[in-house]
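Me: I would like to go through this structure slowly and ask, for each label, what it rests on. Could you set each value beside its cut-off before you conclude?

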Amino acid sequence: MDERVRVVIDGEPLTVPAFTTVAAAVAMRGVGGTRRSVTGEPRAALCGMGVCHECRVTVDGRAHVLGCQTLCRDGLSIETMR
Ligand code: FES
């Protein structure tokens, strides 16, 4: 099966394989990071299993969604906090 879905990350479209996590899609974009720490350090997905919360992004207007626990679907809007 070669199903693909189209998402928008920070206003830029990206096509990814179905069942790709949001965190993986952000990494596939090639511009690292999902957010910044309170001291301004760049952060990115670390554990990939819902523990570290470093993958938090805004998905369809909902803030602090765990990107590693969320699957991409067609038309999904993802905003990083870089
Ligand atoms: S990568 Fe650790 S919670 Fe998502």
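**Labels and the values behind them**

Reply: Let us begin with a pair of charged side chains in this predicted model: arginine 73 and aspartate 60 meet in a salt bridge, with 3.2 Å from N to O. As for their places in the chain, arginine 73 is in the loop between strand E6 (62-66) and strand E7 (77-79), while aspartate 60 is in the loop between E5 and E6, 13 residues apart.

Me: What makes the pair of arginine 73 and aspartate 60 a salt bridge?

Reply: The label asks for a side-chain nitrogen of Lys or Arg within 4 Å of a carboxyl oxygen of Asp or Glu. Arginine 73 and aspartate 60 have 3.2 Å from N to O, and therefore the pair fits the label.

Me: Why is arginine 73 called partly exposed?

Reply: Buried means under 20% relative accessible area and exposed means over 50%, with partly exposed in between. Arginine 73 has a relative accessible area of 46%, so it is called partly exposed. Its partner aspartate 60, with 41%, is partly exposed as well.

Me: How do you know that aspartate 10 and arginine 29 tie together separate parts of the chain?

Reply: Their side chains meet in a salt bridge of 2.8 Å, N to O. Aspartate 10 lies in the loop between E1 and strand E2 (12-17) and arginine 29 in the loop between H1 and strand E3 (35-36), so the pair joins parts that are 19 residues apart in sequence.

Me: Which residues are linked in a network of salt bridges?

Reply: The network links Arg35, Arg43 and Glu54. Within it, glutamate 54 forms a salt bridge with arginine 35, their closest N and O atoms being 2.7 Å apart. Glutamate 54 lies in the loop between E4 and E5 and arginine 35 in strand E3, so this pair ties together parts that are 19 residues apart in sequence. Both glutamate 54 and arginine 35 are buried.

Me: Why is threonine 58 called buried, whereas cysteine 47 is called partly exposed?

Reply: Threonine 58, which is found in strand E5, has a relative accessible area of 12%, and because the cut-off for buried is under 20%, the label follows. Cysteine 47, in the loop between strand E4 (42-43) and E5, has a relative accessible area of 29%, which lies between 20% and 50%, so cysteine 47 is partly exposed.

Me: What does threonine 58 touch, leaving out residues up to four places away in sequence?

Reply: With those left out, threonine 58 touches Ala63, Ser77, Ile78, Glu79 and Met81.

Notes: Residues numbered from 1 in each chain as written. Predicted model: local features only at pLDDT ≥ 70, side-chain atom pairs only at ≥ 80, totals over all residues. Heavy atoms only, no water. Helix = DSSP H or I, 4+ residues; strand = E, 2+ residues; numbered from the N terminus. Buried < 20%, exposed > 50% of the residue type's maximum accessible area, 1.4 Å probe, protein only. Contact = heavy atoms within 4.5 Å.
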